[in-house]
Amino acid sequence: AAASEWDASLHFRGDDEATLAYVFVLDTINFSFWGDPKWRWQRGAQALDGYWALAAALTAEAETNPAFLRPERLATLDAEALDRVLAGSPPIPLLAERAANLRELGRWIGDHFGGSFAPVLDAADHDALRLVRLVVEGLRSFRDEAAYKGRVIPFYKRAQILAGDVHGAFAGQGLGRLARLGALTAFADYKLPQILRHHGVLRYAPALADSVDKRVPIAPGSAAEVEIRANTIHAVEAMRRELGHLGQELTSFQVDWLLWLASQDSGQMKPYHRTRTIYY
């Protein structure tokens with residue numbers, strides 16, 4: 001699994017700073033692609049959608065307009081300019097929120113890290129969990145927390161994906177070397193619970209199953225949404241442990257990646273839950 005976690009054909013690669021900037025930009029706006037129809041982006045004759053469309057669109061922009069990745073440029077990015085980068089059909093959901101997230105990222109890098117992305121990894125001591133904590137504390141858009149029965153539930157889906165993607169983009173070498181990757185959890189989104197339900201790992205209560213199957217929106221932060229995401233993480237941990245007993249030592253994010261890849265062929269599966277949010 002480890003070798004396939006980063007597809008070099010669709011992801012941008014420049015010098016180390018530009019590559020790291022690309023990873024940060026990608027994961028700052030890596031959320032909520034679903035719709036009827038789903039947002040698509042054209043790469044030559046190839047129509048991409050979802051995450052791969054985002055990766056390819058940002059790669060195309062970074063290759064033709066390297067200044068796009070600079071923090072000072074991101075800090076002033078408006079929705080209209082981002083729309084030109086992500087011009088697809090139909091328009092990508094939550095465009096204004098994506099632009100706002102990138103402005104926040106640009107300001108944070110400019111104000112706290114001297115206008116460069118590499119010092120973020122130094123500040124995190126090249127440790128995956130410290131990187132997650134640093135990003136979550138510094139950037140509101142990564143603060144993926146829910147209130148549930150008087151408790152704060154930290155999911156931190158995109159912050160953890162960022163750590164995994166830094167590792168993937170640099171093959172775990174040099175700038176991308178990170179300790180404690182094995183401590184990351186699954187990245188709780190809408191595709192993982194879909195495939196876990198398909199295989200009987202997750203079962204929804206009848207009323208919830210009916211809502212999901214009818215594509216009724218489920219409010220972000222609602223009890224049902226929090227429970228779907230929390231049980232997704234719990235299920236992946238149980239699968240990781242069981243795989244270990246069978247002699248397959250994988251990290252949670254590697255199990256997540258295998259499930260996510262398998263979920264991309266969703267023709268025969270029941271619908272995923274619909275929650276419109278910047279967090280996944």
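Q: Buried means under 20% relative accessible area, exposed means over 50%, and partly exposed is in between (1.4 Å probe, protein chains only). With that in hand, does F12 count as buried or exposed?
A: Heads-up: this is a predicted model, so local features need pLDDT of at least 70 and side-chain atom pairs count only at pLDDT 80 or more, while totals for chains, interfaces and linings use all residues. Residues are numbered from 1 along each chain as its sequence is written, and side-chain values use heavy atoms, with hydrogens and water left out. F12 has 8% relative accessibility, so it counts as buried.

Q: What kind of aromatic pair do F12 and Y22 form?
A: Rings of Phe, Tyr and Trp (its six-membered ring) pair if their centres lie within 6.5 Å; planes under 30 degrees apart count as stacked, over 60 as edge-to-face and the rest as tilted. A search of the whole structure turns up twelve such pairs. For F12 and Y22, the centres are 5.8 Å apart and the planes meet at 55°, which makes the pair tilted.

Q: Which two residues have ring planes at 75°?
A: Y22, at 0% relative accessibility, counts as buried. Next up is a pair with ring centres 4.9 Å apart and planes at 75°, so it is edge-to-face. Its two members are both buried, and they are W108 and F113.

Q: Which residues have the most contacts inside the largest nonpolar core?
A: A nonpolar core is a set of buried Ala, Val, Leu, Ile, Met, Phe, Trp, Tyr and Cys residues joined through side-chain atoms within 4.5 Å. The largest one here has 93 residues, and the most contacts inside it belong to L58, L86 and L105.

Q: Which ring does R276 lie over?
A: A charge sits over a ring if NZ of Lys or CZ of Arg is within 6 Å of the ring centre and within 35 degrees of the ring normal. R158 does this over the face of F142, at 4.5 Å from the ring centre. R276 sits 3.6 Å from the ring centre of W34.

Q: What is the volume of the largest cavity?
A: On a 1 Å grid over the protein atoms alone, a cavity is a set of points where a 1.4 Å probe fits but cannot get out; lining residues have an atom within 4 Å of a point. Grid points are joined across faces, edges and corners, and a volume is the space filled by probe spheres set on the points. The count comes to one cavity of 30 Å³ or more, and the largest has a volume of about 440 Å³.

Conventions: On a 1 Å grid over the protein atoms alone, a cavity is a set of points where a 1.4 Å probe fits but cannot get out, and a pocket is an open set with protein on both sides within 12 Å along at least five of seven lines; lining residues have an atom within 4 Å of a point.
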